[in-house]
Amino acid sequence: MAGSSPATDFAVALLAALVRAGVRDVVLSPGSRSQAIALAAAEFEDAGVIRLHVRIDERVAGFLALGIAVETDTPVLVVTTSGTAVANLHPAALEAHHSGVPLILLTADRPPELRGIGSNQTTQQPGIFGFATGWIRDVEAPSETGFDPDYPDELAREAYSAAAGHSSTRGPVQLNLAFREPLSGPIGALPPLRGSSEPAKSVVEAQYRNPHEVTAPLIASSHTIVIAGHGAGELAEQTARALGAPLLAEVSSGAHFGPNLVVAYRELLNDDHFGGRVERVIVFGHPTLSREIPALVQRSGIETIVVRGSSPIDYNPGHAAAQIVDSVEVTGDPDGDRAWLGSWVHTSRHLLEVRPEQLSHEQSVPAMALSQMQVFRESVTRRMLVEAVWRVTWPHDRLILGASRLIREADAVVPGKRISVHANRGLSGIDGTISTGIGIALASQADDAGAIGVTRVLLGDLAAFHDVGALLFGSGESRPLIQVIVANDGGGTIFDGLEVAASARPEAFDRVMLTPQSVDLKALATAYGWDYLLVSNRGELDESLSATAGPTLIEVPLPR
Ligand SMILES: Cc1ncc(C[n+]2csc(CCOP(=O)(O)OP(=O)(O)O)c2C)c(N)n1
Ligand SMILES: [Mg+2]
C-alpha cells in the first residue's frame with residue numbers, strides 16, 4: 001500500500017474491512033488522534049462506498065448514529081477522538097444497549113506507553129461504557145512492522161457480528177484504537193471494498209445460527225390479550241390476529257394497527273368486565289407507557305408469557321412471568337371466541353368517541369354550527385396536535401416521539417395506522433431526540449431507501465432545548481425533509497401530573513422540576529439556518545404540517 005504512515009495504512013484497511021462486513025453509514029466528530037480513520041472515511045465517501053455524516057458534538061453524533069441504525073437495522077460506525085469526546089457517546093450507547101440498536105463505537109486512543117502518565121487528553125477508554133458495550137477490543141497501535149493482512153477483516157467481522165447480535169444481544173460495541181505518531185500519511189488506492197454485487201453483510205450473517213431458541217406453543221383461547229411495547233414490531237399484531245386476541249399496542253411499538261387494536265386499553269384494563277377477566281397475557285417488546293400493564297402482569301392468577309426481543313433485559317415486572325421465550329407458535333381456531341375480541345375492540349372505539357375530558361369545543365356543539373373560520377381559529381390542544389401529526393403521517397414518512405406527555409397523549413388516542421413510529425424508550429431520556437430524528441430522516445431519505453417522505457419529530461420544549469446542538473448542519477451535510485414540532489408549554493409539565501405537584505411548595509416545584517425556560521425559538525431556528533413556523537390555531541397547524549420544505553422548526557405554544 002502506498003501510505004507512509006502505519007496509522008493510515010491500518011485505518012484504510014480496517015475501514016475497508018468494516019465496509020466488507022456490512023457498514024454503510026459512518027458518523028464522525030473531528031479530532032487529532034482519530035485523523036487516520038477520519039481522513040480514510042473522507043476518501044471512502046468520495047469513492048461512494050459509505051455515507052459519511054460529520055457532527056462536531058459527539059453526543060449528537062451518537063444519537064444521530066442511533067437513528068440511522070434504527071432505520072437501516074444495520075450497525076453504524078461512530079468515530080471519535082480521545083478523552084471527553086468518548087464520554088459524550090455514553091447517553092446514546094446506553095439507549096442503544098437498552099433497546100438493542102447496533103453501533104460500533106470506534107474510539108481513538110493513545111498507545112499504552114502514553115496512558116497513565118498524565119498525557120494530555122488521555123483517560124481510561126477501554127470499557128468506559130461499562131455494561132453498555134457487550135464486546136470491546138483495545139487494539140494495539142499500528143507499527144512499522146505492519147499487520148497480518150487478515151487481521152482487519154477478523155476485527156471488523158467480530159465487531160460487526162457482536163453489534164448485530166449474531167451470538168449474543170444486539171447493541172453497541174467498542175473498538176478502542178491506539179495510534180502513534182505520525183497520526184496520518186498519504187492515502188493510496190483504496191483496497192477492494194466489495195467482493196461481489198452481494199452486500200458484504202451476508203458473509204457475516206450466514207455464519208449465525210442460534211441453537212438454543214425456545215418456542216412456546218400457544219393455543220388460541222379466550223381471555224387472552226397481546227401486549228406490544230417498545231420494539232415489539234409487526235409480529236405482535238400477527239400473533240394477536242392468529243390468537244383472535246385483543247391487541248394492546250403502544251403507539252411506538254410498531255404494532256399499533258390492525259383489526260384487533262384496542263386504543264383505550266388503560267380504561268379497559270381498569271374495568272372488571274375487561275381487565276378483570278384476563279387470564280393469559282402475551283407480551284412483545286418493552287411496555288413503558290402505562291402503569292396498568294405492569295400491574296396486570298403482577299396480578300395473581302394471570303399467566304404471562306414474555307417473548308424476548310432485542311432488549312438485553314427481559315420484561316418481567318415483579319418476576320411474575322410464567323415463561324420467557326424466544327418465539328411463539330399459535331395453534332387453534334382464532335374465531336373460537338369472537339365475543340371476547342369484539343367486546344374489547346368495540347368498547348375501545350366507543351370510549352374514544354365519547355371520552356368527555358377530551359371533548360374539544362368543536363365536538364361539543366354540532367359541527368355544522370361552527371363556521372369554517374371558527375374551526376380554523378380553534379386553539380390547539382395536545383390531543384388535536386397528536387391527532388393532526390398522526391393524520392398527516394403515511395408509510396413513506398417517519399414519526400419520532402419525544403419522551404414525556406405527548407407520547408402518552410398519542411398512545412391514548414391515535415387510531416391504528418401502519419406507519420413507522422420511533423421513540424427512544426430504551427431509557428426514555430429526553431436527550432438526543434432531535435439527533436435521533438435527523439438520523440432516521442437521513443437514512444430513510446437516502447438515495448437507495450425508496451420513496452422519500454417527511455420525518456416529523458414531535459417533542460416537548462425541554463427535550464427540544466436539551467438537543468439544540470442537533471440543529472447544526474455543517475457545510476456539505478445533507479439537510480433532510482424534517483419538521484421538528486415543539487410543543488412549548490413552559491417546562492416539564494409532565495411533572496404536574498405527579499403527586500409532588502400538590503405536595504411541594506409551588507415556587508420550589510417550578511424552580512427545580514417544572515424548570516420553564518424562555519428561549520426565542522424563532523431566533524434559534526434562524527441562527528441554525530432552519531425555517532420557522534409559529535402555530536397558534538388549528539388552521540395554522542394543519543397548514544404547517546403539510547408544508548414540506550427543508551429542515552423546519554414548528555413551534556406550537558400550549559397551555560400548561
Ligand atoms: C436525559 C433526561 N433528563 C431528565 C429526564 C427527566 N424528565 C422526564 S420528562 C422531563 C420533562 C420534559 O419536558 P418537556 O420536554 O417540555 O415535555 P412535557 O413534560 O412538557 O410534555 C424530564 C426532565 C429524562 N427523562 N431524561
Ligand atoms: Mg414542556
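Biologist: How many bridges join strand E4 to strand E6 (residues 172–178), and do the two run parallel or antiparallel?

Modeller: The model is a predicted one. In it, E4 and E6 run parallel and are joined by seven bridges. One residue pair to look at is Thr107, which stands opposite Asn176 in E6.

Biologist: What stands opposite Thr107 of E4 in strand E3?

Modeller: Thr80 is the residue opposite Thr107. Strand E3 (residues 76–80) pairs with E4 in the parallel sense, over five bridges.

Biologist: How should I read the two faces of a strand such as E4, and which residues lie on each side?

Modeller: In a regular strand, side chains alternate between one face of the sheet and the other. For E4, Leu103, Leu105, Thr107 and Asp109 lie on one side, while Ile104, Leu106 and Ala108 lie on the other. Both faces are covered, and all of these residues are buried. By count, seven of the seven residues of E4 are buried, so under the cut-off of 20% relative accessible area the strand is mostly covered.

Biologist: Where does Arg110 lie, and is its side chain buried or exposed?

Modeller: Arg110 is in the loop between strand E4 (103–109) and strand E5 (136–139). Arg110 is buried, yet has no salt bridge. Side chains of opposite charge can pair when their charged atoms come close. Here the nearest side chain of opposite charge is that of Asp109, 6.0 Å away. That distance fails the test because a salt bridge requires the nitrogen and the carboxyl oxygen to be within 4 Å. Arg110 does have a polar contact of 3.5 Å with the side chain of Thr122.

Biologist: Where is Glu144, and why does it count as exposed?

Modeller: Glu144 sits in the loop between E5 and helix H6 (151–164). It counts as exposed because its relative accessibility is 68%, and the cut-off for that class is over 50%. The C-alpha atom of Glu144 is 30 Å from that of Val76, a residue 68 positions away along the chain.

Biologist: How many salt bridges does the structure hold, and which residue pairs with Arg418?

Modeller: There are 23 salt bridges in the structure. In one of them Arg418 pairs with Glu234, and the closest N and O atoms are 2.8 Å apart. This pair links distant parts of the chain, 184 residues apart: Arg418 is in the loop between helix H15 (405–413) and strand E15 (420–422), and Glu234 is in helix H8 (residues 234–243). Glu234 counts as partly exposed because its relative accessibility is 35%.

Biologist: Where do Glu387 and Arg383 lie, and how many residues apart are they?

Modeller: Both are in helix H14 (residues 382–392), four residues apart, which is about one turn of the helix. Their side chains meet in a salt bridge of 2.8 Å, N to O. With a relative accessible area of 25%, Glu387 is partly exposed, whereas Arg383 is buried at 10%.

Biologist: Are Arg505 and Glu507 buried or exposed?

Modeller: Arg505 is exposed, its relative accessible area being 56%. Glu507 is exposed too, with 52% relative accessibility. The two side chains form a salt bridge of 3.8 Å, N to O. Elsewhere, salt bridges that share partners join Asp109, Arg115 and Asp138 into one network.

Biologist: Which residues are the protein donors of the magnesium ion (ligand 2)?

Modeller: Asp461 (OD), Asp489 (OD) and Gly491 (O) are the protein donors, lying 2.0 to 2.1 Å from the ion. Their spacing in sequence is D-x27-D-x1-G. Asp461 and Gly491 are 30 residues apart and link distant parts of the chain: Asp461 is in helix H17 (residues 461–466), and Gly491 is in the loop between strand E17 (482–488) and helix H18 (500–503). Both Asp461 and Gly491 are buried.

Biologist: What is the strand order in the open sheet of five strands, and which strands stand at the edges?

Modeller: The order is E9-E8-E10-E11-E12, with parallel pairing. Strand E9 (247–249) and strand E12 (323–325) are at the edges; each has a single partner strand, so one side of each lacks a neighbour in the sheet. From one strand to the next the twist averages 20°. E12 runs parallel to strand E11 (residues 303–307), and three bridges join them. Gln323 in E12 is the bridge partner of Ile305.

Note on methods. Residues are numbered from 1 along each chain as its sequence is written. Chains are lettered from A and ligands numbered from 1 in the order in which they are written. This is a predicted model: local features need pLDDT of at least 70, side-chain atom pairs count only at pLDDT 80 or more; totals for chains, interfaces and linings use all residues. Side-chain values use heavy atoms; hydrogens and water are left out. Two strands pair if DSSP finds at least two bridges between them. Axes are lines fitted to C-alpha atoms, for helices over the stretch in contact, and angles run from 0 to 180 degrees between N-to-C directions. Donors are N, O and S atoms within 2.8 Å of the metal (3.2 Å for Na, K and Ca); water is not among the atoms, so sites may look incomplete. Buried means under 20% relative accessible area, exposed over 50%, partly exposed in between (1.4 Å probe, protein chains only). Lys and Arg count as positive and Asp and Glu as negative; His and the chain ends are not counted. A polar contact is a pair of N or O atoms within 3.5 Å; within protein, one must be able to donate a hydrogen and the other to accept it, and residues adjacent in sequence count only if both atoms are side-chain atoms.
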